[in-house]
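Okay, thanks everyone, let me get the model up on the screen. I'll walk you through the parts I found worth a look, and shout if you want me to stop.

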Amino acid sequence: MRIGIVGMPNAGKSSLFNALTRAGAQAANYPFTTIEPNVAVVPVADHRLVRVAETVGASEVVPDTIDFHDIAGLVAGAHQGEGLGNRFLGNIRETDAILHVVRAHGDPGVVHSEGTVDPLRDIETIETELVFADLEQAERRHERVVRQARGGDRAALAEEDWLRQVIDALQAGRPARTVPGPEAAPAALRDLSPLTAKPVLFVANVDEGDDAVPPEIEAHAQAQGARAVAVSSRLEAELSELDDEDAFAMRADLGVAESGLRRVVDGAFVLLELLAFFTAGEGKPAQSWHLRHGLSAWHAAGEIHSDIQRGFVRAEVIGWEALVEAGGYAAARERGTLRLEGRDYAMRDGDVLTVKFTP
Ligand SMILES: Nc1nc2c(ncn2[C@@H]2O[C@H](COP(=O)(O)OP(=O)(O)OP(=O)(O)O)[C@@H](O)[C@H]2O)c(=O)[nH]1
Ligand SMILES: [Mg+2]
């Protein structure tokens, strides 16, 4: 799972990134602090995995991770090379989703590149840059595909037609997600990987002690079918340096009950429509994995290893709670709660999976 963080310069991206990762990426009060792309790997804590590991006597607990990509701020004209952001848009083309950080705090001590705090204007600036970046990419790809399509190749013709629709949509200011991928050219969408087709979570960077999303940001998100969460990036970055007890006391003082970071990570999960499943065995690592809702045991096997997917014979599946209740695989098998499933079995959140495969 990969998530890219976008926003205006000084919006609070690196502060959020720091809080998410405690990676100590440089956060300072002047625009364009983030010069090198920053990638941080954040483990996804899951208490269920710990219980499963204890139950089967696993050697260690290996949680799945999310990669967060922190890039430099985007300004109007970034697609034409203004500022530094454009260079880094390529770094987030490969991500699964986007966190769009919007400055909504009024701290006069933090410089705004446009002089005033105006979340909607900033959102539109960023969205426009993403549209332009996609347009450039789509036009370049179109030129190439037109040449291939001259030979009458069916997939190339379908891709050419689709790219034309994408270009029309982008030129009209509409995101690429409004144009469904072409059925006759299944790889086309992945090859283009438009930024404006990725799911977006808006993160309103609010004043310390606030935890409501400003209504104009909420309304904007809703109009796109997207979600928004509020967080104070600076506060979260500071809290992330304290131990749990001190952090709890500081939250209580400020009246901020829930961790803003929790909201961001949970929001990202909802965005990606993921379920968790586990693999675990005695003396072996217990691991968590994530998969899109609706995918099968065969897809799950592919997450673990391509060889396991290729040699898939059948799967042994049990819900994590049933496994814990039984006290282990052998007892679960006796109780009949450990089931044999084929490759088309639709995975459920919390399943513990053992794939039998021929190497
Ligand atoms: N008061 C306040 N200041 C914040 C908040 N979040 C970030 N800041 C400050 O704003 C400044 C810029 O924050 P960064 O996180 O570096 O911003 P950025 O979006 O990564 O900026 P670029 O990398 O330059 O695009 C720093 O001085 C932060 O301490 C916040 O929630 N409240
Ligand atoms: Mg930064």
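So, helix α4, residues 119–149: this one lies across three strands, β1 (2–7), β5 (97–103) and β6 (200–205). Against β5, helix α4 runs at about 145°. Keep in mind that what you're looking at is a predicted model.

Which helix does α4 cross at roughly 35°? That's α7, residues 215–223, and the two axes come within 9 Å. On the α4 side the contact is made by Pro119, Leu120 and Ile123, and α7 brings Glu216, Ile217 and His220. Sort the residues of that contact by character and you get 4 nonpolar, 1 polar and 1 charged.

Now the sheet itself. What's the strand order in this open sheet of 6 strands? Reading across, it goes β2-β4-β1-β5-β6-β7, and the pairing is mixed. The edges are β2 and β7, with β7 covering 227–231, and each of those pairs on one side only. From one strand to the next, the twist averages 25°. As a quick reminder, strands of a sheet pair through backbone hydrogen bonds, either parallel or antiparallel. Here β2 and β4, the latter being residues 65–70, run antiparallel and are joined by 6 bridges. If you want a spot to look at in that pair, Val39 stands opposite His69 in β4.

Staying around β2 for a second: it spans 38–43, and the loop from there to α2 (47–56) is where you'll find Ala45. Is Ala45 buried or exposed? The cut-off for exposed is 12 or fewer other C-beta atoms within 10 Å, and Ala45 has 11, so it's exposed. Ala45 also sits 8.8 Å from Thr65, C-alpha to C-alpha, with their positions 20 residues apart in sequence.

For the opposite situation, go to helix α1, residues 13–21. How many of its 9 residues are buried? It's 8, so the helix is largely enclosed by the rest of the structure. The buried ones are Lys13, Ser14, Ser15, Leu16, Phe17, Asn18, Ala19 and Leu20. Take Asn18, which is found in α1. Asn18 counts as buried because it has 24 other C-beta atoms within 10 Å, where 20 or more is the cut-off. And if you'd like a long-distance pair, Asn18 and Ala226 are 208 residues apart in sequence and 24 Å apart in space, C-alpha to C-alpha.

Okay, two backbone oddities. Which residue has a phi near 40°, positive without being a glycine? That's Ser193, in the loop between α6 (188–192) and β6. Ser193 has 15 other C-beta atoms within 10 Å, so we call it partly exposed. The other one is Glu273, again not a glycine, with a positive phi near 50°. Glu273 lies in the loop that links α10 (260–272) to β8 (274–279). With 12 other C-beta atoms within 10 Å, Glu273 comes out as exposed.

Let me zoom out. The domain assignment splits the chain into domain 1, 2–271, and domain 2, 294–357. How far apart are the centres of the two domains? Over C-alpha atoms, 33 Å. Where the domains touch, 5 residues of domain 1 are in contact with 8 residues of domain 2. The domain 1 side of that divides into 2 nonpolar, 1 polar and 2 charged.

And the whole chain, to finish. We have 14 helices and 12 strands. The C-alpha atoms fill a box of roughly 70 × 70 × 35 Å along the principal axes. What about the radius of gyration? The chain has 23 Å, and a compact globule of 359 residues would be near 21 Å, so the two agree. Of those 359 residues, 40% count as buried. Last number: take the contacts with a separation of 6 or more, and 69% of them come from residues 24 or more positions apart.

That's my tour, happy to go back to any of the views.

Key. Residues are numbered from 1 along each chain as its sequence is written. Chains are lettered from A and ligands numbered from 1 in the order in which they are written. This is a predicted model: local features need pLDDT of at least 70, side-chain atom pairs count only at pLDDT 80 or more; totals for chains, interfaces and linings use all residues. Helices (H or I, at least four residues) and strands (E, at least two) are DSSP runs, numbered from the N terminus. The radius of gyration is taken over C-alpha atoms; the globule rule is 2.2 Å times the number of residues to the power 0.38. Two residues are in contact if their C-beta atoms, placed from the backbone, lie within 7 Å. Domain bounds come from an automatic or database domain assignment. Ala, Val, Leu, Ile, Met, Phe, Trp, Tyr, Cys and Pro count as nonpolar, Asp, Glu, Lys and Arg as charged, and the others, Gly among them, as polar. Two strands pair if DSSP finds at least two bridges between them. Axes are lines fitted to C-alpha atoms, for helices over the stretch in contact, and angles run from 0 to 180 degrees between N-to-C directions.
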